[in-house]
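Could you walk me through this structure in my viewer, one selection at a time? I would like to know what to pick next and what is there.

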Amino acid sequence: MTLSDLDLGAVQLPPEATRLRQEVRDFLAAERAAGTVLGRPDSWLTGWDPAFTRRLARRGWIGMTLPRAYGGGGRSNLERYVVIEELLAAGAPVSAHWVADRQAGPTILRHGTEAQRNHFLPRIAAGACFFSIGMSEQDSGSDLASVRTRAERTANGWRLTGTKMWTGGAHVNDHAIVLARTDESEDRHAGLSQFIVDLRDPHVRVEPIRLLSGEHTFNYCHLEGVELTDEALLGRPGDGWRQVTGELALERSGPERFLSTLPLLSALVGQLQRTGACSPEQQARVGRLTARLASIRQLSLGVAAALAAGRPADVQAALVKDLGTRFEGELVNEVREILPIAARFDATRGSYPELLATAILHAPGYTLRGGTNEILRGIITRGLELSR
Amino acid sequence: MSIEPCAESVAEPLSEPLSERAVDALPPLDTAPTALVALAREAGYRSTPAPLAETLLVARPLLAAAGLAVPDGQLTVAAGPLDVRFTHVDTDSRVGPSGAAGTDDALRVSGTLHRVPWARAAEAAVVLTEGPGGGPVLFLLEATEWRQVAGTNLAGEPRDDLVLLDVAVPAERVRRIPAALVREATWRSGLARAALIAGAARRCVELTVDHTSSRVQFGRPLSHFQAVKQEEAKLVEEAALVAAAVEAAASALSEPDSAEFTAWLAAAQAAASVAEITRIAHQLHGAIGFTELSPLRLATTRMWSWRDEDSGERAWQQRIGRHVLDGGSGGLWQQVTGG
Ligand SMILES: Cc1cc2nc3c(=O)[nH]c(=O)nc-3n(C[C@H](O)[C@H](O)[C@H](O)COP(=O)(O)OP(=O)(O)OC[C@H]3O[C@@H](n4cnc5c(N)ncnc54)[C@H](O)[C@@H]3O)c2cc1C
């Protein structure tokens with residue numbers, strides 16, 4: 001990588017993307033009119049609405065990039081980008097299928113057996129099969145390669161033991177992709193493998209961990225000797241680290257890394273418009289946020305286009321995620337200055353004080369999830385070292 | 001052509017010497033807009049001692065849009081109130097704010113244009129002002145027609161006052177222009193400044209990466225230390241952000257619907273990023289960056305001036321904010337996605 005590779009250039013979205021964007025906007029307008037809850041910050045973490053998910057699936061907006069042969073849409077990454085950025089900007093409840101659509105589907109397509117693809121991919125695209133990420137543990141956060149969950153060989157397959165932590169949606173989802181140690185080799189990165197685990201298995205015990213807001217999305221996921229057949233192994237034994245790294249690239253590069261709090265800014269703009277005259281100070285601050293948002297989006301589109309063209313963009317994705325997630329938090333601080341209204345979590349749901357409270361209570365997570373910003377910056381400077 | 005480089009840039013230890021090409025040979029008039037923005041970025045990167053960005057991105061396109069011939073050489077741009085009268089007054093006329101119309105557009109002009117970029121290095125200046133009959137006019141002034149009072153910005157770049165003493169501007173160098181072209185002059189200047197900042201930001205990144213990998217403290221290169229890495233990554237990010245905003249505006253130059261707003265965004269973001277980029281670059285350079293011993297100042301002092309020139313950071317932000325707030329609900333996201 002060289003410094004020039006960080007200059008991703010402008011992206012011109014194809015004309016079909018413009019049409020698609022309008023279709024999504026029309027769909028969202030109808031949903032809004034029908035009373036679907038929209039406009040919420042961080043809706044990809046806590047906006048759980050399987051019925052909404054199925055309506056999206058009927059439009060072909062889940063599993064869009066999966067091949068048609070597996071029930072997917074066979075569409076481009078940039079088309080998917082347009083659809084999800086519209087959903088996120090609108091604060092639509094997309095958390096049910098989020099992980100399945102973003103990473104489980106593409107990972108299974110890439111590493112799964114034909115049987116796994118035929119089983120899971122059509123269900124994912126239909127919005128009927130939801131996934132959790134089973135990576136982190138109590139003692140393995142940034143240092144993911146230190147995971148202790150073990151899978152031991154049995155006569156018929158594997159037995160899985162350990163406890164995953166922070167497992168989002170494990171209490172409502174169908175499956176988790178679990179990273180486990182299959183070989184106690186010297187090299188920590190070798191000897192890891194991934195498994196597709198049925199969360200309804202009697203040997204899986206899910207225990208809630210409440211967020212700052214009291215909401216329930218996190219869990220402990222106790223794997224108490226779960227018996228797995230070989231069909232549960234995802235990819236090759238010992239390839240878990242390489243696979244998980246690829247999965248993190250999918251997890252890090254999307255528009256959810258700068259749009260989580262946009263609905264709050266949109267709500268602020270609405271609030272200011274209703275109150276009438278805005279001071280030059282308020283205008284300038286809204287303008288500053290808009291310029292930063294638009295610039296981060298350009299970078300993010302550049303990463304999406306690079307990935308779509310098959311160019312490596314791990315460093316660029318880390319860069320956008322650090323900028324974008326810091327922006328998500330800055331936005332929350334800034335709207336408080338622009339319009340000093342006290343946040344109230346117990347105010348009417350959807351009212352401005354309640355949206356602000358949600359964004360504040362979720363803020364610490366923006367720069368942690370999917371790899372902390374400090375770790376991302378390490379990826380960027382490693383990229384720089386390689387360029388020297 | 002008279003070019004007076006700033007004293008400091010003569011001795012500047014740039015890795016690549018300033019090429020004659022960058023200063024003297026201007027690209028042809030039909031060069032693609034994105035290539036012109038790239039040249040302006042390069043001028044910012046190299047601290048080129050000439051009004052290259054002004055010539056390519058502002059003066060030439062304005063002259064072309066106004067239907068005036070584009071002269072050879074470097075051009076600068078100036079706007080502001082002047083005392084403007086018709087040279088040939090139509091004695092029959094009783095109309096117009098100045099009481100009389102002209103038989104043609106020839107003008108006599110007096111007054112001062114303030115802090116004009118690189119005036120002393122320019123062959124001519126494109127001037128926008130209020131015409132004698134009301135409504136904006138654009139005219140071309142030749143370098144021999146003004147008296148110059150030398151001034152400089154924080155980087156020592158020329159920002160000269162042009163004093164006009166009853167200058168006669170022939171009709172073939174004057175055009176009445178629509179208000180939209182006055183707006184275009186503003187956003188084009190903002191884009192030119194943003195492109196320069198993007199180039200200078202790139203230079204800050206390169207100099208800082210070179211410095212932290214070669215300077216040794218505690219027996220290791222600075223780039224080994226976590227605290228240094230963390231800041232260096234943020235520097236790289238902020239520079240990439242400016243580049244992305246400028247590239248978006250460059251590609252929007254050929255789209256009349258979005259060119260103006262996208263240029264505002266680039267101008268606002270470039271100006272706003274200057275503080276973080278220069279803060280980190282200087283912090284990681286240590287004391288040497290605070291002196292003339294390091295070329296870092298060539299980039300950072302320019303950036304500190306550029307963010308305030310051509311409207312300035314705050315004014316760009318206000319324009320964007322007003323536009324968004326006037327845009328109805330959902331307006332913000334629609335503006336950002338271009339409709
Ligand atoms: C909202 C949310 C959702 C999540 N969902 C899931 C999920 O569904 N499934 C899942 O498996 N995990 C999930 N996670 C866990 C997430 O991946 C971890 O939080 C993350 O990897 C960081 O690990 P940690 O929290 O243990 O922090 P730690 O690794 O303990 O880090 C604590 C602090 O130290 C810093 N630090 C650590 N190492 C270094 C270093 N080498 N250099 C510099 N600084 C360092 C970190 O940046 C951080 O600031 C989620 C987290 C959040 C917040």
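Start by selecting Cys129(A): with 3% relative accessibility, this residue counts as buried. Keep in mind as you look around that this is a predicted model.

Now add Cys221(A) to the selection. Cys221(A) is buried too, at a relative accessible area of 2%. Draw a distance between the two sulfurs: Cys221(A) holds the cysteine sulfur closest to that of Cys129(A), and the gap is 15 Å. A disulfide would need the two sulfur atoms within 2.5 Å, so at 15 Å the sulfur of Cys129(A) is too far away for a bond. Going the other way gives a matching result, because the closest cysteine sulfur to Cys221(A) is the one in Cys129(A), again too far for a bond. How many disulfides does a search of the whole structure find? Zero, over all chains.

Next, colour chain A by domain. The assignment gives domain 1 (3-129), domain 2 (133-236) and domain 3 (253-386). Cys129(A), where you began, carries the number that ends domain 1. Show domain 1 and domain 3 of chain A together: their centres, taken over C-alpha atoms, are 20 Å apart. The contact between them takes 25 residues from domain 1 and 33 residues from domain 3.

Then move to the ligand. Where does the ligand lie with respect to the chains? You will find it between chains A and B. Select its surroundings and you get 14 residues, the closest being Ile133(A), Ser136(A), Ser142(A), Thr372(A) and Glu374(A). By type, this shell divides into six nonpolar, six polar and two charged residues. With your domain colours still on, look at where the shell comes from: domain 2 and domain 3 of chain A each supply at least three residues.

Zoom in on three of the contacts:

- Ile133(A): a backbone N or O atom is 2.8 Å from a nitrogen atom of the ligand.
- Ser136(A): here too a backbone N or O atom is involved, 2.7 Å from an oxygen atom of the ligand.
- Ser142(A): this time a polar side-chain atom makes the approach, at 2.6 Å from an oxygen atom of the ligand.

Finally, switch on a surface for the ligand. On its own the ligand has 970 Å² of accessible area, and the protein covers 65% of it.

Technical notes: Residues numbered from 1 in each chain as written. Chains lettered and ligands numbered in written order. Predicted model: local features only at pLDDT ≥ 70, side-chain atom pairs only at ≥ 80, totals over all residues. Heavy atoms only, no water. Near = heavy atom within 4 Å. Polar contact = N/O pair within 3.5 Å; in protein donor to acceptor, adjacent residues only side chain to side chain. Areas by Shrake-Rupley, 256 points an atom, 1.4 Å probe, with all protein chains shown as cover. Nonpolar A, V, L, I, M, F, W, Y, C, P; charged D, E, K, R; others polar. Domains from an automatic or database assignment. Buried < 20%, exposed > 50% of the residue type's maximum accessible area, 1.4 Å probe, protein only. Contact = heavy atoms within 4.5 Å.
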